[in-house]
Amino acid sequence: MSGTRWLDDEEQRAWRAFIRMHGRLTARLNRQLQTDSGLSLADYEVLVQLTDAPDGRLRPFELQRGLQWEQSRLSHHLTRMQRRGLVTREECDEDGRGALIALTDEGRRAIVAAAPGHVETVRRLFLDGLTRDQLATLRQVSDQVLARLDTGADTGD
């Protein structure tokens, strides 16, 4: 344990503030979506991934990669969304073995209806409180951390 690089006071304050902000923001965004549209934040994230796909279809591994979810979480969540008519599973014509997750008309209607309130909440709780310089810094910091994650700098994975 002597080699542990403990956080100094400033690092600890920054890290804890980030964790608190992330948790509270996620909870508020989830509550807003649930109240206004009946969607969870997780539902919304899946629907965004599918609406961003050219034909509204993705293979499960593509969704898993885009969402960074465990396979079991994705499978269970997709089953719940399928029961609600938001997505459907289709056979893949390309290889006959794989499956595709497809956005249904109901799923498209749900995200179209939910998006305005969600975006307004993101603006009100997050974006409107930051200057353009702060947004640029946030983007740079986020890109830097993501690049470290992508290159395997996190030896925990």
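**Warm-up.** Is E90 buried, partly exposed or exposed?

*Solution.* The structure above is a predicted model, so every value here is computed from it. E90 has a relative accessibility of 24%. Buried means under 20%, and exposed means over 50%. E90 therefore counts as partly exposed.

**Exercise 1.** Find the salt-bridge partner of E90, and say where both residues sit in the chain.

*Solution.*
- Step 1: Look for an oppositely charged side chain. Side chains of opposite charge can pair when their charged atoms come close.
- Step 2: Check the distance. The closest N and O atoms of R57 and E90 are 2.7 Å apart, and the cut-off for a salt bridge is 4 Å, so the pair forms a salt bridge.
- Step 3: Place the residues. R57 belongs to strand β1 and E90 to strand β2. With these positions 33 residues apart, the pair links distant parts of the chain.
- Step 4: Add the accessibility of the partner. R57, at 32%, counts as partly exposed.

**Exercise 2.** Work out the order of the strands in the sheet, and which strands stand at its edges.

*Solution.*
- Step 1: Read the order. The open sheet has 3 strands, arranged β1-β3-β2, and their pairing is antiparallel.
- Step 2: Find the edges. β1 (57–58) and β2 (87–91) each have a single partner strand, so one side of each is left without a neighbour in the sheet.
- Step 3: Zoom in on one pair. β2 and β3 (residues 99–103) are joined in the antiparallel sense over 5 bridges. Here E90 meets us again, standing opposite L100 in β3.
- Step 4: See what lies across the sheet. Helix α2 lies across β1, β2 and β3, and runs at about 100° to β3.

**Exercise 3.** Describe how helix α2 packs against helix α4.

*Solution.*
- Step 1: Choose the quantities. Two packed helices are described by the angle between their axes and the distance between the axes.
- Step 2: Read them off. The axes of α2 (residues 41–52) and α4 (residues 71–83) come within 11 Å and cross at roughly 90°.
- Step 3: Name the arrangement. This crossing makes α2 roughly perpendicular to α4.
- Step 4: List the residues that meet. From α2 come A42, D43, V46 and L47, and from α4 come R73, H77, L78 and M81.
- Step 5: Sort them by type. The contact of α2 with α4 has 5 nonpolar, 1 polar and 2 charged residues.

**Exercise 4.** Decide whether L74 is buried or exposed, and list its contacts beyond its neighbours in sequence.

*Solution.*
- Step 1: Locate L74, which lies in helix α4.
- Step 2: Compare its accessibility with the cut-off. L74 has a relative accessible area of 4%, and buried means under 20%, so L74 is buried.
- Step 3: Leave aside the neighbours within four places in sequence. L74 then contacts P60, L63, Q64, L67 and W69.
- Step 4: Take one of these partners. P60 is 14 residues from L74 along the chain, and their C-alpha atoms are separated by 8.0 Å.

**Exercise 5.** The structure holds 5 salt bridges. Study two that lie within helices, R13 with E10 and R109 with E106.

*Solution.*
- Step 1: Begin with helix α1 (residues 9–37). R13 and E10 are 3 residues apart there, about one turn of the helix. Their side chains meet at 2.8 Å, N to O. R13 is exposed, at 52%.
- Step 2: Go on to helix α5 (residues 105–125). R109 and E106 are also 3 residues apart, separated by about one helical turn. Their N to O distance is 3.0 Å.
- Step 3: Classify this second pair. R109 counts as exposed, at 51%, whereas E106 counts as partly exposed, at 37%.

How values were computed: Residues numbered from 1 in each chain as written. Predicted model: local features only at pLDDT ≥ 70, side-chain atom pairs only at ≥ 80, totals over all residues. Heavy atoms only, no water. Axes fitted to C-alpha atoms, helices over the stretch in contact; angles between N-to-C directions. Helix = DSSP H or I, 4+ residues; strand = E, 2+ residues; numbered from the N terminus. Parallel < 35°, antiparallel > 145°, perpendicular 65-115°, else oblique. Contact = heavy atoms within 4.5 Å. Nonpolar A, V, L, I, M, F, W, Y, C, P; charged D, E, K, R; others polar. Pairing = 2+ DSSP bridges. Buried < 20%, exposed > 50% of the residue type's maximum accessible area, 1.4 Å probe, protein only.
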